[in-house]
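Subject: Structure handover

Hello,

Here is the structure for your work. My notes on it follow below.

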Amino acid sequence: GWLAVPALLFFVLHVFLNGGLLGRIAVNEKVNLPSFLRDSARYFWRFLRVLLVSILGYLLVFGIVGRGISAVFNLWTKNASNQWSTLGASYLRLLVFLLLFSIVKMFFDYVKVSLVVTESKKTIRAVIANFRFLGGRFFQAWGIFLLVGLVGVGISIGYLLVAKIIPGDGFVLLGVGFLWQQMYILALSWTAVLFFSTEYEFFKA
């Protein structure tokens, strides 16, 4: 429907900005707008192909593994003796799916890093090589990814706790709320940089 166009534009912009972020991290130079935009354009088509392949990856993982996980939890809730067991199963299923999502997300992040480090334009080759790279380093890479993810979760929790106590009445208080929201967006942007920075350093190590 009408949400398709904004969603498409968001993903295209996301791919474009990722190229700039990783490009600047790779050269380790002072960031300026022209160089950032140059790297964004330079890696755009490579990262767009990664996005398309990742969509297929998400569909395969959640379509096959996700169905198996759902079947197990559906059996659990069906045989649950009380409401608390059903609620616990629902939260645990959500956690398992979030962890599964993090694995797929991390995998394709490293594909992007590989394309930048090796200056390759071969997306499928980079995907295959990434299986070999993460094969013996999976838990190390995933542990780092989850730690950065926890930083992002902590930032979001902190934002919500503070936002809840900021009154919405009055021009000044509205300004404070808006400023706090912008600080939160900057913090999330910093988290995105931290994800790529740690992945880049781990890949190069």
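In which helix is the place of Trp84? Trp84 sits in helix 3, which covers residues 83–118. Please keep in mind that this is a predicted model.

On the surrounding fold: the chain has six helices and zero strands, so its pattern along the sequence reads α-α-α-α-α-α. Along the principal axes, the C-alpha atoms occupy a box of roughly 60 × 55 × 40 Å. Of the contacts between residues at least 6 apart in sequence, 69% connect residues at least 24 apart.

On burial and surface: the chain has 205 residues, and 30% of them are buried. The exposed area of the chain is about 13300 Å², with 74% of that area coming from carbon and sulfur atoms.

Back to Trp84. Is this residue buried or exposed? Trp84 has a relative accessibility of 70% and therefore counts as exposed, the cut-off being over 50%. Trp84 also belongs to a nonpolar surface patch, together with Leu87, Tyr91, Leu94 and Leu98. The accessible area of these residues together is about 620 Å².

On charge: the chain carries 18 positive and 7 negative charges. How many Å apart are the mean positions of the positive and negative charges? The separation is 11 Å.

In short, the chain has six helices, and Trp84 in helix 3 is part of a nonpolar patch on the surface.

Regards

Terms used: Residues numbered from 1 in each chain as written. Predicted model: local features only at pLDDT ≥ 70, side-chain atom pairs only at ≥ 80, totals over all residues. Heavy atoms only, no water. Helix = DSSP H or I, 4+ residues; strand = E, 2+ residues; numbered from the N terminus. Buried < 20%, exposed > 50% of the residue type's maximum accessible area, 1.4 Å probe, protein only. Contact = heavy atoms within 4.5 Å. Areas by Shrake-Rupley, 256 points an atom, 1.4 Å probe, with all protein chains shown as cover. Lys, Arg positive; Asp, Glu negative; His and termini not counted. Charge placed at Lys NZ, Arg CZ, Asp CG, Glu CD. Patch = residues over 30% accessible without salt bridge, like charges linked within 9 Å, V, L, I, M, F, W, Y side chains within 5 Å. Salt bridge = Lys/Arg side-chain N within 4 Å of Asp/Glu carboxyl O.
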